[in-house]
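Visitor: Please take me for a close look at a single part, the aromatic rings and their surroundings. I am in my first year, so please explain each term when it comes up.

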Amino acid sequence: MTRRELGLPGIVYGGDYNPEQWPQEVWAEDMRLMAEAGVTMVSVNIFSWALLEPAEGTYDFSHLDRVLDLLHAHGIAADLATPTAAPPAWFFRAHPEALPVDRDGRVLSYGSRQTFCPSSPAYREAALRIARALGQRYADHPAVALWHVHNEYGCHNAECFCDTSAAAFRDWLRDRYGDDPAALNEAWGTAFWSQWYYDWDEVLPPRATGAVPNPAHRLDWRRFSSDALLSLCRAERQVLAEAAPSVPATTNFMVMYNFDALDYWRWAPELDVVSNDHYLRSTDPESEIDIAMSGDLVRSLAGGRPWLLMEHSTGAVNWQPVNRAKTAGELRRNALAHVARGADGIAYFQWRAAKAGAEQWHSAMLPHAGTDSAVWRDVVALGADLRALAEVQGSTGTAETAVVWDWDAKWALELPSQPSELLRHLELVRSWYEPLWRAGVAVDFVRPDADLSAYRLVLAPSLYLVDDAGAANLTSFARQGGTLAVGFHSGAVNENCQVRLGGYPGAFREVLGVRTDELFPLLPGESVGLDTGGTGSLWSERVRPAGAKVVSSFADGPLKGVPAVTRHGCGEGTAWYLATLPDPDTLARLLDRVRAEAGVRPVLEDVPPGVEAVRRRGPAADFLFLIDHTGRGATVPVPAGSTELLTATPLPDGSVLVPPGGAAVVRRPTGV
């Protein structure tokens, strides 16, 4: 697919704009304040379907016409959404069969958002009808810079278990397995528990049942559910492309801690611009690490190209048990951290805080308190910061380290009846990512089958499921001179959740030079000592070297003396295996050794602890982002002749002051 670029200058700044929630006399104030804040683009029309189409096939665009004309008159671009995330009440009165059904067979009601079955023909027809009407009407409107397809696909309706979905699931399976029930039975292992299927009509979604569901059945259902929503996205995007061939399209992903419904490796190639929504977890004491990890993954989904942060919050959200406001400087640090990781746009939900509705206690750029507020002053100051960083637009990240991330592996690991229900893919990956972040090491995320030729080091902290091609790709990387590090319980099953026989860690036994015959997962709160110092948690296993050298062994417990960490020279490279999760300090020391042997260095040497250092690279200059998370500030050495962009300050003496809780962005011309 040829990707169309977003043709706006600088770092885009704005948020969701919902003027339909306010009387029109407020709109003029919105325009004035958007100019004061430096807003350059807003998302509009996300939840306006009921206003645009008050009855089936009857349209009223007068409201949206005025909004788009007003934005254009004030020099503000529109990210124009198809409003298909919230069908009107009249639609469900006419098509109650389009309502979603949960695993227990309950039909869910309309009255909020995303209360539709993704496989419903009636919903698809209605969604494409409104998308086509929008595309045809606004294809040439000068305000429209980007199509915003739907909103947060799968956020509330990732799965529907109705009969329509069951039929669509069967069609998906027939395509996947060549219309051969025998192939399905082989892949799912249906000889177990007499689950054999003789006819496609016998196959159902994994609805509530009396015992543990078939893992391969459940995994294929997750794949189907992601693809069902992707099919809707493709269809809307195609309708818009036909109407407006030159306007790029996006949809907002949710690469964040509490959402895993969609395989975004499959979604990203369908979009001109990759966008993401990201919100902080109030209970996370170091949410800056979550921001960094999410940003690196989104940049990787975008193929290393810049992306857009479509939503985050100026302060508190409204949907956690306790919703805390951001502390002084946090809004700025969060935004600049996203830019550092490749975002060419920063946007918030939403522009003006709502006085009514389910999200009335969600923060906004213009809060309930109005302009006499700390949030508003921070919003205006951030607009000035982003204007100062205009030349950063289009620059990219550089990394020599890749972390393997796979949604299939995540879904499979977290199915029931694992050796341990304590294993969580995201938490395992973050445990390995965190010491790299602290060390200032640039990281990309990759699929198991990705081109790895640009990397010195590849880490697979949690790759429970891997197909033959992915396993061969990672093995080849190590044999051809790379350094590969693999975490426990990886390579255990193939793409159909079938155990790889012959000993663990399955697909990676030979490249790692080890063989395990028994697993000993640890109980909650349990740990085991390591003979090189530190402890391990979550997992242990009876490892036997088969060519690998022992780096560390278990110092106590039932596996005392058994290898816990091994290193294996294979071909031209090296492969490491971690048969437990070392405590954070021990894991950091180990990964320091692994990356040092691989020749991977941090973005910048001599950066004080607690100062985040990230680099973007442009054709004529590098841009070094330095963000202080300690509250103390720091002086950081940088190349002489650089310039600090936020303050437009030359740095002739080769150092820059990062203010307490603040940030500095240093431009270093190429070759300096």
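**The aromatic rings and their surroundings**

Guide: Trp-188 is a good place to begin, because this residue is buried, with a relative accessible area of 4%; buried stands for under 20%, exposed for over 50% and partly exposed for values in between, with a 1.4 Å probe and protein chains only. Tyr-197 is buried too, at a relative accessible area of 15%. Before going on, please keep in mind that the model is predicted, with local features needing pLDDT of at least 70 and side-chain atom pairs counting only at pLDDT 80 or more, while totals for chains, interfaces and linings use all residues. Residues are numbered from 1 along each chain as its sequence is written, and side-chain values use heavy atoms, with hydrogens and water left out.

A pair of aromatic rings is described by the distance of the centres and the angle of the planes. A search of the whole structure gives 30 aromatic pairs. In the pair of Trp-188 and Tyr-197, the ring centres are 6.0 Å apart and the planes stand at 80°, so this pair is edge-to-face. Rings of Phe, Tyr and Trp (its six-membered ring) pair if their centres lie within 6.5 Å, and planes under 30 degrees apart count as stacked, over 60 as edge-to-face and the rest as tilted.

Elsewhere, one aromatic cluster is formed by Tyr-153, Phe-253, Phe-259, Tyr-264, Trp-265, Trp-267, Trp-405, Trp-407, Tyr-433 and Phe-445. Within this cluster, Tyr-264 deserves a longer look: leaving aside neighbours within four places in sequence, Tyr-264 is in contact (heavy atoms within 4.5 Å) with Phe-253, Met-254, Val-255, Phe-259, Leu-301 and Trp-407.

Tyr-264 also belongs to the largest nonpolar core, which has 179 residues, and is listed with Tyr-17, Leu-71 and Ile-346 as touching the most other members. Helix H5 (residues 121-138) gives the most to this core, with eight residues, whereas a second, separate core of 16 residues includes Val-611, Ala-634, Leu-651 and Val-656. A nonpolar core is a set of buried Ala, Val, Leu, Ile, Met, Phe, Trp, Tyr and Cys residues joined through side-chain atoms within 4.5 Å; helices (H or I, at least four residues) and strands (E, at least two) are DSSP runs, numbered from the N terminus. In soluble globular proteins, nonpolar side chains tend to be buried together.

Some rings have a charged partner. Arg-281 lies over the face of Tyr-257, at 4.5 Å from the ring centre, and Arg-352 lies over the face of Trp-22, at 5.3 Å from the ring centre; a charge sits over a ring if NZ of Lys or CZ of Arg is within 6 Å of the ring centre and within 35 degrees of the ring normal.

Aromatic residues also take part in unusual backbone geometry, and here a general rule helps: most residues other than glycine have a negative phi, and most peptide bonds are trans. The bond from Phe-349 to Gln-350, however, is cis, with omega near -10°, and Gln-350 is found in the loop between strand S9 (343-348) and helix H12 (374-388). Tyr-504 and Pro-505 are likewise joined by a cis peptide bond, with omega about 0°, and Pro-505 has its place in the loop between strand S14 (483-487) and helix H16 (509-512).

Finally, Ser-194 has a positive phi, near 55°, in the loop between helix H7 (181-188) and helix H8 (215-243), and this residue is exposed, with a relative accessible area of 70%.
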